[in-house]
Amino acid sequence: METDLRLESSLWVGNKRYLAVLTGWHFKWTETDKKNRDKKTVSVPVAEVVGVEEGRVEILPRKSVEDTDKDFTVFYVKRSSTRNSYGLLWRLGRTQFSCPSRVLRDQWTKQLKTAVKTHSPLRPHRLLVFINPYGGKKKGRQLYHSLVAPLFELADISSHVIVTERANQARDHLLKKDLTGFDGVVCVGGDGMFSEILHGVIGRTQQEAGVCENNPAVTLQPCPLHIGIIPAGSTDCVCYATGGVIDPVTSALHIIVGDSQPLDVCSVHYGSGLVRYSVSLVGYGFYGDVLSESEKHRWMGPVRYDYSGTLVYLSNRSYAGTVHYLPADPLLSSPRDKTRCLSGCGVCARSTERLFPNSSDSGSLYSSYSGQLSTESEGEWVTVEGRFKCVSLTCMSSSCARSPLGLSPSAHLADGTGDLILVWNTHPLSFLKFLHRHTNSQDRFDFPFVEVHRVKAVRFCLAGATEEGEHEEFGSLSAAADGGASGCVDAGGRNGSQPHLEQMRNEEKTVTPFMCCLCCRKAPDVSVWNCDGEILPFTNISCKIHGQLVRLYARGIEDIASIRSCSQETGDCCGT
Ligand SMILES: CCCCCCCCCCCCC/C=C/[C@@H](O)[C@H](CO)NC(=O)CCCCCCCCCCCCCCC
Ligand SMILES: Nc1ncnc2c1ncn2[C@@H]1O[C@H](COP(=O)(O)OP(=O)(O)OP(=O)(O)O)[C@@H](O)[C@H]1O
Ligand SMILES: [Ca+2]
């Protein structure tokens, strides 16, 4: 197949002659002018070709086609580094080629199109797009129509666009409506909107597989629909942490080329019910209080978090509780090993082999789903009791513009673990130093009052509350297993009617005082949980990490150094 696709000929770009070669994986063109000693080769991976059009075509600022019969235009991914973030910006590169004959032109366009089809099997053809018109700075709709839709059209992707009219509309649509023919779901919005899509996609997959989401011991069915994120929110943590930049064009190009990034998901349970899923932060204490305070100031937009953060910091609170955690295998990785999860991460790749042992390629990745109950041996739970400024569990680094390395810089996107960060009560200035280190690259865990553990599961219990309830209902994760869908009740976060959770919520209210307002003299004894930007109505929760439960149209953070060495080899790897 490789040799079938090979094509080589002279082509013109402007008034310069090039030798163009299409090999199995790359399309390259090199200037053939002999006087030019610095011959530059532009090499574009076939998998990063966005579109091939006959004639001289432009798509921006608007589409124009000069239908000449010896020309063709290639659109492809071009990279540039950014000042404020860690990943690379992707832009649309475009080169117009002229051939000596129409026959050769047709040969080039045909071969290039075939090569693209062969080398990117996960490219979407049909997408379901949800736009939250009220996310972030309320520019979602405009961003989509001006920057993203023209790229999808160029790449021959058809999309069904729904501009939401209410919260949870996207989730409900994914849970109930016919999704036949869609390759993926695109979320135009922030982390809250992503969370809706996440709940819809996971819930729908479990429904169809007959898996009960309430039982934390059950192995959930990985989701076949990919999720794309066009960032248009306030924090956009999921987009930032999975690509290193917040940029709608970069995100659209990752969707078009069919990138596939697996992502760990944490399920949060109360009693015998699922409460929510999280991919970023499940946080009690400081981050819970900041979120709770910020909800009162939504009108401020993204600044609400800084304002509320300052108020909450000044109120200097700490909370008593007991944390139980199940450590992950320390031989595989550590949250303090100073590594970073980058595109092509080896730790995550080895986890894929462990989680899906029988699959040899991404096409059959989910075929090895092994049943409903976790068979992995559980290990020993560890218990820590005390007074904390905050307790945070994150499945990934949770980096964002505010904190470019995130809550846990060495966390992995897809290793089946989360990082548990315990910040003990300390002097306010020490806590400020800890917070400040989130804004730079200093080690935020290098304080005597901070602990970080790589974990598979966590349980939290308020001080004074016995764990009896939970012990009866959970015991160990595997003891709670009931074998699957039997007796399954509606999972939390799925739809309005969850009688089991409603009853438990009322029970908890009797022991959970309301958050005190900031002017009260007496600080509250109990905080709230922040679950990816949503306040949870329960305190004594139990969390379990599900390795690689969903897939995003992303490829992790690209290592700038390796891209540079690639440019040196070929003159200019990515542009004309
Ligand atoms: C001295 C400067 C200190 C700056 C400290 C910055 C720490 C930033 C850590 C960011 C962690 C983000 C985790 C991601 C969570 C998302 O799943 C979730 C949904 O979008 N976002 C939030 O809950 C939104 C959470 C937003 C949290 C913002 C906290 C801002 C704290 C500001 C403290 C100022 C103290 C000033 C004292 C005079
Ligand atoms: N049409 C709508 N009207 C009201 N709320 C909506 C609508 N569509 C979606 N939502 C809800 O709005 C919430 C916030 O949206 P989104 O996450 O897009 O923006 P954000 O809160 O500004 O950003 P971030 O979550 O990154 O901080 C989501 O939880 C979503 O459920
Ligand atoms: Ca992880």
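**Group meeting: two ligand shells and some local features**

I'll start with Asp 156, which sits in the loop between helix 2, residues 140–154, and strand 11, residues 158–163. Please keep in mind that the model is predicted. Phi of Asp 156 is near 60 degrees, and that is a positive value in a residue other than glycine. Is Asp 156 buried or exposed? Asp 156 is exposed, because 12 other C-beta atoms lie within 10 Å, and a residue with 12 or fewer is counted as exposed.

Asp 532 makes a useful comparison. Its phi is near 50 degrees, again positive in a residue other than glycine. Asp 532 belongs to the loop between strand 21, residues 529–531, and strand 22, residues 534–535. Here the surroundings are another matter: Asp 532 has 26 other C-beta atoms within 10 Å, so it is buried. The cut-off for buried is 20 or more.

Now the overall picture. The protein has 576 residues, and 47% of them count as buried. Its secondary structure comes to 13 helices and 24 strands. Among contacts with a separation of 6 or more, 74% are between residues 24 or more positions apart.

One stretch carries an annotation. The unreviewed UniProt entry places "domain: DAGKc" on residues 122–272. In the model, that span is 38% helix and 23% strand, and its end C-alpha atoms lie 37 Å apart.

Next, the ligands, beginning with ligand 1. How many residues surround ligand 1? There are 26, and the closest are Asp 191, Thr 235, Ser 280, Gly 309 and Gly 533. The elements that give two or more residues to this shell are helix 7, residues 286–294, helix 8, residues 304–314, and helix 10, residues 428–436. Helix 8 supplies the largest share, 5 residues. By residue type, the shell around ligand 1 divides into 11 nonpolar, 11 polar and 4 charged.

Since helix 8 gives that largest share, let's look at how the helix sits. Tyr 305, Ser 308 and Val 312 are buried in helix 8. Why do these residues fall on the same side of helix 8? They cover an arc of only 70 degrees around the axis, and therefore share a side. The buried residues of helix 8 pack against helix 7, and helix 7 is itself among the elements that give two or more residues to the shell around ligand 1. On the face turned away from the buried side, helix 8 carries the exposed residues Thr 310 and Leu 314. After helix 8 comes Asn 316, with a positive phi near 45 degrees.

On to ligand 2. It is surrounded by 21 residues, and the closest are Gly 135, Gly 189, Gly 190, Gly 192 and Gly 233. Which helix gives the most to this shell? That is helix 4, residues 191–209, with 4 residues. The shell around ligand 2 divides into 4 nonpolar, 12 polar and 5 charged residues.

Helix 9, residues 346–355, can be read in the way we read helix 8. Cys 348, Ser 351 and Leu 355 are buried in helix 9. These three cover an arc of only 55 degrees around the axis, which puts them on the same side of the helix. Strand 23, residues 542–552, is included in what covers them. The face of helix 9 turned away from that buried side carries Gly 346, Ala 349 and Glu 353, which are exposed.

Two items on strands to finish. Strand 5, residues 49–54, has 5 of its 6 residues buried, so the strand is largely enclosed by the rest of the structure. It runs antiparallel to strand 8, residues 71–81, and 5 bridges join the two. Within that pairing, Val 49 stands opposite Tyr 76 in strand 8.

The other item is Thr 383, found in strand 18, residues 382–394. What makes Thr 383 count as exposed? It has 11 other C-beta atoms within 10 Å, and is therefore exposed. Leaving aside neighbours within four places in sequence, Thr 383 is in contact with Thr 322 and His 324. Phe 460 is 77 residues from Thr 383 along the chain, and their C-alpha atoms are separated by 9.7 Å.

Methods: Residues numbered from 1 in each chain as written. Chains lettered and ligands numbered in written order. Predicted model: local features only at pLDDT ≥ 70, side-chain atom pairs only at ≥ 80, totals over all residues. Near = placed C-beta within 6 Å. Nonpolar A, V, L, I, M, F, W, Y, C, P; charged D, E, K, R; others polar. Arc of directions from axis to C-beta. Contact = placed C-beta atoms within 7 Å. UniProt positions renumbered as here; feature names shortened; annotations may be inferred. Pairing = 2+ DSSP bridges.
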